[in-house]
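Reader: I would like to go through a model feature by feature. Please give the general idea each time, and then the case at hand.

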Amino acid sequence: MKKTVKLLAFAILAISLVLAGCSQSNKTSNNGASNSSGTSKKDTLVYGRGGDSTSLDPITSTEGETFKVTKNIFETLVNYGDQDTTLHPGLAEKWDVSPDSLTYTFHLRKGVKFQDGTDFNADAVVFNFDRWMNGDEKQFPYYTMFGGYKKDEGHVIKEVKAVDPYTVQFVLKRPQAPFLKNLAMSAFGIASPAAVKKYGDKFREHPVGTGPFKFVEWKQNDRITLEKNPDYWQKGLPKLNKVIFRVIPENTARLNALANGEIDVMDGLNNSDEATVKSNPKLQVIKRPSMNIGYLGFTVTRKPFDNKLVRQALNYAVDKKAIIQAFYGGQAIPAKNPMPPSIEGYDDAISAYPYDLEKAKQLLAQAGYPNGFSMDLWAMPVARPYMPEGMKVAEVIQASFAKIGVKANIKTVDWATYLQNAGKGQFDAYMLGWTGDNGDPDNFLYTLLDKDSIGANNYSQYSNNQLHDILIKAQSETDQTKRNDLYKQAQEIIHDDAPWVPLVHSTPLLAAAKDVANYLPHPTGSDLLSKVEFKN
């Protein structure tokens, strides 16, 4: 009997040890990798965000939720600084520019592989640019940064050629001052030619680049999973083994998930919640350097918004200071121009439209609408850095418009459809914004309001020939002082034509668990996560 009991005890002990080992193994595989001391270090970052990506092929999209992910899969020839838009080597180790600013020669890194094992080289660069320049606004909306497409008169690139396997040359038709800064934009991440050919239109769901993380899985409106690229050319990076981007639409719900340990980082922190995060010893607030504009846009091809006086009247009817006080907690300033003060060439001499309801009524009467009119006001369904609480801001604008006889019916729809329909000019007025891609005024004024960008990022369908001539001249001008003067002229035209109500320039807030280290938010909104790790 005693022998039987002893045997039973040994059996139970053995089973317990096996189960304990399995439990420790599962814990390690789920949360991190065991180190030499036997403890577990967390190596999976869960990032909570307000909306899903619309594509994982960066050249096919213009929205930030796409670039949050693709920045970590794809790389560009030229890089920005960790937290600014200064230029640094990327997939190109160095470059030379001819004295006439028409020829750029890039010397590429050797030994870099795409995540499918194929070689990165000059032919791959030529393939990507040939693909983009032979497309159109519907396929590759961001390629307008190079003056349109190959078929367009304004297209700035004459030729892209491989000089040898690791040297690629761009020959321009005319100088383009922001050319290098454009190349560093997330949209121009270099894709694997083999993968593009393999997947065709489905490449947007099967991205392959040279970046620190490679794509694993996309569950629509739920999560996107990336894992460490074991063959990444920068030794010792990335620090993390896995990154999961989770969609949690409501800012408050994301904060709850962070506080409960379900996620490690969240964007779109409400300014009103900053104090709550700071009072929690397990959390930290992270501020993104500001380079954005939140605005109310009018589709100027739709009545009555084809009338400049109506647009000016509505500019007078928006109380920006009240909006900032109510929803931004002091982390924003009123906007008067379509680009932020941090951008060179900003025109501070322009007088903002003051909040003046009587002036607004006067202009409406002059325009033939003494009793006002009805309109649809489309509010964003997701939180964005420049507008964390879009629906509530829309309600404030609605109340102000009512005071001048304008009945604004607030509407919304899912994010992908919102962007698509706004881009087609189907909305009377819409709330949107822009986070700068490269720190150049061209990226705000030309990208958002030039006639070349209609069908891409110019959702207001606004066209002004005088403005266009100035913006093209500014692109070709290499003297920065002269460029700045041209951009100030452009801002004066836009201010008078009033295709938008510029609302705010915000300082976006993020929150993270206290143990998240080396998270460096970028002013472009596209954050590279290769250096992020967890402190023990």
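Author: What follows takes up a helix, two loop residues, some strands and a cavity. Keep in mind that this is a predicted model.

Reader: Let us begin with the helix. How does the length of α3 compare with what its 12 residues should span?

Author: The general idea is a rise of 1.5 Å a residue. Helix α3 covers residues 122–133, and because it has 12 residues it should span 16 Å. Its end C-alpha atoms lie 17 Å apart, which agrees.

Reader: What caps the N-terminal end of α3?

Author: The cap is N121. One of its side-chain oxygens is 3.2 Å from the backbone nitrogen of D123.

Reader: How many residues of α3 are buried, and which are they?

Author: Burial is judged by relative accessible area, with under 20% as the cut-off. In α3, nine of the 12 residues are buried, so by this criterion the helix is mostly covered. They are A122, A124, V125, V126, N128, F129, R131, W132 and M133.

Reader: What do the buried residues of α3 pack against?

Author: Three strands and two helices: β7 (103–108), β8 (157–164) and β9 (167–172), together with α4 (179–183) and α5 (193–199).

Reader: Two of those strands follow one another. How do β8 and β9 pair?

Author: Strands of a sheet pair through backbone hydrogen bonds, in either a parallel or an antiparallel way. Here β8 and β9 are antiparallel, with six bridges between them. One bridge partnership sets E159 against V171 in β9. The connection from β8 to β9 is a hairpin of two residues.

Reader: What is the strand order in the open sheet of seven strands?

Author: The order is β10-β11-β12-β3-β13-β21-β14, and the pairing is mixed. At the edges are β10 (213–219) and β14 (283–287), each of which pairs on one side only. Within this sheet, β13 (residues 265–266) and β21 (residues 509–513) run antiparallel and are joined by two bridges. V265 has A512 of β21 as its bridge partner.

Reader: Now a single residue. Where is N438, and is it buried or exposed?

Author: N438 sits in the loop between β19 (429–435) and α13 (442–449). It counts as buried because its relative accessibility is 0%.

Reader: Which polar contacts does the side chain of N438 make?

Author: Its side chain forms a polar contact of 2.8 Å with the side chain of N182. The N438 side chain also reaches the backbone nitrogen of D440, at 2.9 Å. Setting aside residues up to four places away in sequence, N438 touches Y80, T85, M145, K181, N182, M185, M291 and N443.

Reader: What about S192: where is it, and what does it contact?

Author: S192 belongs to the loop between α4 and α5. With a relative accessible area of 0%, S192 is buried. Beyond its neighbours within four places in sequence, S192 contacts F114, D116, T118 and V208.

Reader: Last, the cavities. How many of 30 Å³ or more are found, and what lines the largest?

Author: The search of the whole structure gives two. The largest holds about 430 Å³ of space. Its lining has 35 residues, and G64, R384, P385, Y386 and T435 are those nearest its centre. At least two lining residues come from each of α2 (64–70), α12 (415–423), β19 and β21. Strand β19 gives the most, with four residues.

Key
Residues numbered from 1 in each chain as written. Predicted model: local features only at pLDDT ≥ 70, side-chain atom pairs only at ≥ 80, totals over all residues. Heavy atoms only, no water. Expected span 1.5 Å × (residues − 1). Buried < 20%, exposed > 50% of the residue type's maximum accessible area, 1.4 Å probe, protein only. Contact = heavy atoms within 4.5 Å. Polar contact = N/O pair within 3.5 Å; in protein donor to acceptor, adjacent residues only side chain to side chain. Pairing = 2+ DSSP bridges. 1 Å grid on protein atoms, 1.4 Å probe; cavity = no way out; pocket = protein on both sides within 12 Å on 5 of 7 lines; lining within 4 Å. Points joined across faces, edges and corners; volume = space filled by probe spheres on them.
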